[in-house]
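Dear colleague,

I am passing on the structure we spoke about, with some notes on what turned up when I went through it. Please have it open beside you as you read.

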Amino acid sequence: MNRLVVAAPASGSGKTTVATGLMAALRLAGSRVAPFKVGPDYIDPGYHALATRRPGRNLDPVMVGEHRIPGLFAHGAKGCDIAVVEGVMGLFDGRVDTAGIGSTAHVAKLINAPVLFVVDARGQSRSLAALLHGFRGYDPTVRLGGVILNQVGSERHEQVLRSACDEVGLDVLGVLPRDPQFSLPSRHLGLVTAAEHGPEAVAAVDAIAAAVAKHVDLDAVRRLASSVPSMAVAAWEPRVGRVEDEPLVAVAGGAAFTFGYAEHVEVLEASGAAVAVVDPLNDEDLPAGTAGLVLPGGFPEQHAEALSANAKLRDAVARFARSGAPVHAECGGLLYLARSLDGHPMCGVVDAEGFMTPKLTLGYRDAVASASSPLHPPGSRVTGHEFHRTQLSTPHSAPPAWQWRGVDSRPVAEGFVVGGVHASYLHTHPAGDPDAVARFVRACHPFVAGVADGTVFA
């Protein structure tokens with residue numbers, strides 16, 4: 001598998017623009033491109049999927065364990081001839097208070113891939129040589145294979161920057177001029193999702209692809225990607241216990257609920273479930289025969305009025321949850337289950353109100369399950385990720401879903417377990433704990449025939 005990692009000195013350098021444009025340009029030039037993103041990001045993979053016509057996938061050693069990364073990479077790269085991995089933040093930025101665990105450099109080493117370094121050239125001149133020298137020397141086991149100069153102001157500027165790269169012996173594989181059309185729309189948690197941006201997202205990806213095809217040497221990129229030996233690794237497979245009655249699991253989708261991992265549906269199906277997508281913005285009922293419901297994250301706060309207006313589905317979700325059937329809600333899904341969101345009525349399953357705040361809650365959490373639920377027995381341990389600007393009002397009286405240690409070492413109780421509902425701000429990755437997904441599917445069994453018996457999960 002030919003492969004490379006697109007990295008940068010810092011966030012905001014243009015990694016997503018370059019990686020997405022490179023994926024699309026390579027596909028349009030005839031390559032079968034496998035797209036990946038380092039870390040827990042949900043937004044960039046949506047643009048990667050537009051660019052490659054394949055599911056965007058994440059490589060996150062913190063969430064799934066570094067031993068699974070090569071296999072997940074091989075799984076996502078099946079049927080392709082080149083893989084492009086977009087990094088996260090700066091090259092060596094990983095989980096806080098670790099030696100770069102989960103960083104772009106960490107993942108590049110785990111899959112033995114060269115790094116294509118994207119530099120925002122605004123304000124840069126010959127000092128670029130010192131920057132490149134420092135990044136290349138900081139960890140010599142990470143191979144910087146070439147540079148793409150982004151936001152270059154003029155031909156003279158380009159000449160100076162190329163000379164700086166020559167001083168440290170790094171090839172320039174592309175030069176992108178300053179142009180506002182080479183960008184994607186942003187919002188409070190990063191980019192606007194591709195699903196929400198709709199036709200404009202397609203147009204943005206097309207414009208970026210054309211720019212990359214014009215200003216980047218794609219043949220040189222292919223040579224860099226083919227400069228490493230092939231990987232002798234077995235592809236990850238979702239091997240879990242399988243139920244035979246094929247319960248139907250409805251998974252919320254559409255523009256409001258886009259924060260999910262491709263492996264989630266794969267593990268649900270490997271566990272024996274049939275999966276159907278329900279769009280809470282448009283569908284007025286759950287699919288017939290639904291025995292389990294997954295409400296992933298997304299941006300429900302941007303669609304609160306429309307979600308609230310769909311009272312028929314809100315009522316259907318509330319009845320389903322109160323029946324005792326298994327419901328797995330993360331972040332945006334938790335907000336949808338609350339009484340209200342920014343004053344707009346929601347499903348009322350969780351006795352709390354959600355609202356936007358100016359504070360960003362962000363970071364990995366080493367969590368312990370507090371109560372028995374359709375996902376976890378008490379005491380189960382996971383590593384998940386929080387990423388939100390919303391909060392909930394007065395804590396619910398139900399048992400919390402999780403406990404962990406906060407930054408001041410004080411215990412934190414988070415989320416709710418209400419009957420068959422497991423609702424939390426914590427995002428988890430199914431490849432890190434496929435047994436939890438299999439347990440969820442088994443919990444659907446009593447509800448296959450639509451029987452609501454108030455099952456308690458032991």
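Is Arg-222 buried, partly exposed or exposed? Arg-222 counts as partly exposed, because its relative accessible area is 25%. Please keep in mind throughout that this is a predicted model, and that what follows was computed from its atoms or, in one place, taken from a record.

Arg-222 has a charged partner in Asp-219, and the closest N and O atoms of this salt bridge lie 2.9 Å apart. Both residues belong to helix α10, which spans residues 218–225, and they are three residues apart, or about one turn of that helix. Asp-219 is also partly exposed, with a relative accessible area of 46%. Away from this helix, Lys-37, Asp-44 and Glu-86 are joined into one network by salt bridges that share partners.

Within that network, Lys-37 pairs with Asp-44, where the closest N and O atoms are 3.0 Å apart, and it also meets the side chain of Glu-86 in a salt bridge of 3.1 Å, N to O. The pairing of Lys-37 with Glu-86 links distant parts of the chain, since Lys-37 sits in strand β2 (residues 33–38) and Glu-86 in strand β4 (residues 82–86), 49 residues apart. Lys-37 and Asp-44 are both buried; for Lys-37 the relative accessibility is 4%, while Glu-86, likewise buried, has a relative accessible area of 0%. As general background, side chains of opposite charge can pair when their charged atoms come close. In total, the structure holds 16 salt bridges, among them the ones described here.

The cysteines may interest you as well. How many disulfides does the model contain? The count comes to zero. For Cys-331 the reason is distance, because the closest cysteine sulfur, in Cys-347, is 15 Å away, which is too far for a bond, given that a disulfide is counted for sulfur atoms within 2.5 Å. Cys-347 is likewise in no disulfide, its nearest cysteine sulfur being that of Cys-331. Both residues count as buried, Cys-331 at 5% relative accessibility and Cys-347 at 6%.

Cys-331 deserves a further word, as the UniProt annotation "active site", which comes from an unreviewed entry, covers this residue; such annotations may be inferred rather than shown by experiment. Cys-331 is found in the loop between β13 (327–330) and α14 (332–337). Leaving aside neighbours within four places in sequence, its contacts are with Gly-297, Phe-387, His-388, Ser-424, Tyr-425 and His-427.

Turning to the chain as a whole, there are 15 helices and 21 strands. Its radius of gyration is 23 Å, close to the 23 Å that the globule rule gives for 458 residues, so the chain is as compact as a globular protein of that length. Along the principal axes, the C-alpha atoms fill a box of roughly 70 × 45 × 45 Å. Buried residues make up 58% of the 458 residues, and the chain exposes about 18,100 Å², of which carbon and sulfur atoms supply 51%. Among contacts with a separation of 6 or more, 76% are between residues 24 or more positions apart.

With best wishes

How values were computed:
Residues numbered from 1 in each chain as written. Predicted model: local features only at pLDDT ≥ 70, side-chain atom pairs only at ≥ 80, totals over all residues. Heavy atoms only, no water. Salt bridge = Lys/Arg side-chain N within 4 Å of Asp/Glu carboxyl O. Buried < 20%, exposed > 50% of the residue type's maximum accessible area, 1.4 Å probe, protein only. Helix = DSSP H or I, 4+ residues; strand = E, 2+ residues; numbered from the N terminus. Rg over C-alpha atoms; globule rule 2.2 N^0.38 Å. Contact = heavy atoms within 4.5 Å. Areas by Shrake-Rupley, 256 points an atom, 1.4 Å probe, with all protein chains shown as cover.
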